[in-house]
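Colleague: Please pick one part of this model and go through it closely, then set it in the context of the rest of the chain. I would like the cut-off behind each term to be given as you go.

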Amino acid sequence: MPLILCSDLLSTWGYSQVLALLNFHLIARGHDLTAIGKLNAIILMSSFICSLPAGLIADCLGYRPILIAAALLQAGATTLLVMALTPLQLGLAGALLGITLALYTAAKNPQIALLVNKRHLPSALALCRGLASVGGALGGITAAGICHLTGEMYLAILAGALLIHLAVLPLLFLPPDPALRFNTYSLFNRNKRANLWPTLTGSFFFCALGTSLVSPYLNLLLDK
């Protein structure tokens, strides 16, 4: 459990540090506001489309390998996103990032459930969510600090990308998944609570849709 918490903290720290400055970085590289809007739409839709297959893949292949693969792909996708020069490269990086976010989300909570006692699962998930919020705050603070000290936005983005890459390391030391507990979170689980998945999926989709319509342009509006 501490390994996942450490990885999640580093990942959200680095990711939020990159996102804090990404719009300004993309504009500096010649992308316009339309390209930024399309990028966020691509990330959202690719993540939504891949969410169901991601859960089935994680059930079949195991949560630990999918979690590690998703973390590696997220690091690569973020690097491609920062380096993208054309709208096509930007779109491909966004699609890859959306896919990796779906895979990571599908594998993380079941992996935590395998590592902690069922009685402590709610508190473990709450702690993980809390540390993600802490990582988000740290990302914004360090991004501002690096920019203030060096005057180079690109260095802050590179530091964030490095944290995302470092987040992969703790996951490599996770114990193997006990195969007997696979399919606990499968769509085809006969538990009655599994029938709630369409409602939850719809709810998460519209929450993410609302966020994606506001957050991509918020820092640009504050810059006016």
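Modeller: What follows looks at one helix in detail and then at its surroundings.

This is a predicted model, in which local features need pLDDT of at least 70 and side-chain atom pairs count only at pLDDT 80 or more, while totals for chains, interfaces and linings use all residues. Residues are numbered from 1 along each chain as its sequence is written, and side-chain values use heavy atoms, with hydrogens and water left out.

The part I have chosen is helix H5, residues 121-150; helices here are DSSP runs of H or I with at least four residues, strands are runs of E with at least two, and both are numbered from the N terminus. With an expected span of 1.5 Å times one less than the number of residues, the 30 residues of H5 should cover 44 Å, and the 43 Å between its end C-alpha atoms agrees with that. An α-helix has 3.6 residues a turn, so residues three or four places apart point the same way. The buried residues of H5 (buried being under 20% relative accessible area, exposed over 50%, partly exposed in between, with a 1.4 Å probe and protein chains only) are Leu 121, Ala 124, Cys 128, Ala 132, Gly 135, Gly 139 and Ala 143. Among the elements that cover them are helix H1 (2-28), helix H4 (87-115) and helix H6 (153-166). Just after H5, Gly 151 adopts a positive phi of about 75 degrees.

Two of these covering helices are also joined to each other by side chains. Asp 8 and Lys 108 form a salt bridge at 3.1 Å, N to O, the criterion being a side-chain nitrogen of Lys or Arg within 4 Å of a carboxyl oxygen of Asp or Glu. The partners come from distant parts of the chain, Asp 8 in helix H1 and Lys 108 in helix H4, 100 residues apart. Both Asp 8 and Lys 108 are buried, and a search of the whole structure finds one salt bridge.

Helix H6, which also helps to cover H5, holds Leu 166, and this residue counts as partly exposed because its relative accessibility is 36%. Away from H5, Thr 78 lies in helix H3 (residues 63-83) and is buried, at 1% relative accessibility. Leaving aside residues up to four places away in sequence, Thr 78 touches Tyr 15, Val 18, Leu 97 and Ile 164, a contact meaning heavy atoms within 4.5 Å. Leu 39 in helix H2 (residues 33-61) is likewise buried, at 4%, and its C-alpha lies 5.8 Å from that of Gly 91, although the two are 52 residues apart in sequence.

For the chain as a whole, there are eight helices and zero strands, and 40% of its 224 residues are buried. Of the contacts between residues at least 6 apart in sequence, 85% join residues at least 24 apart. The average pLDDT, the predictor's confidence in each residue from 0 to 100, is 80, with 79% of the residues scoring at least 70. Residues 180-194 fall below 50, and beyond near neighbours in sequence this stretch has 24 contacts in the model.
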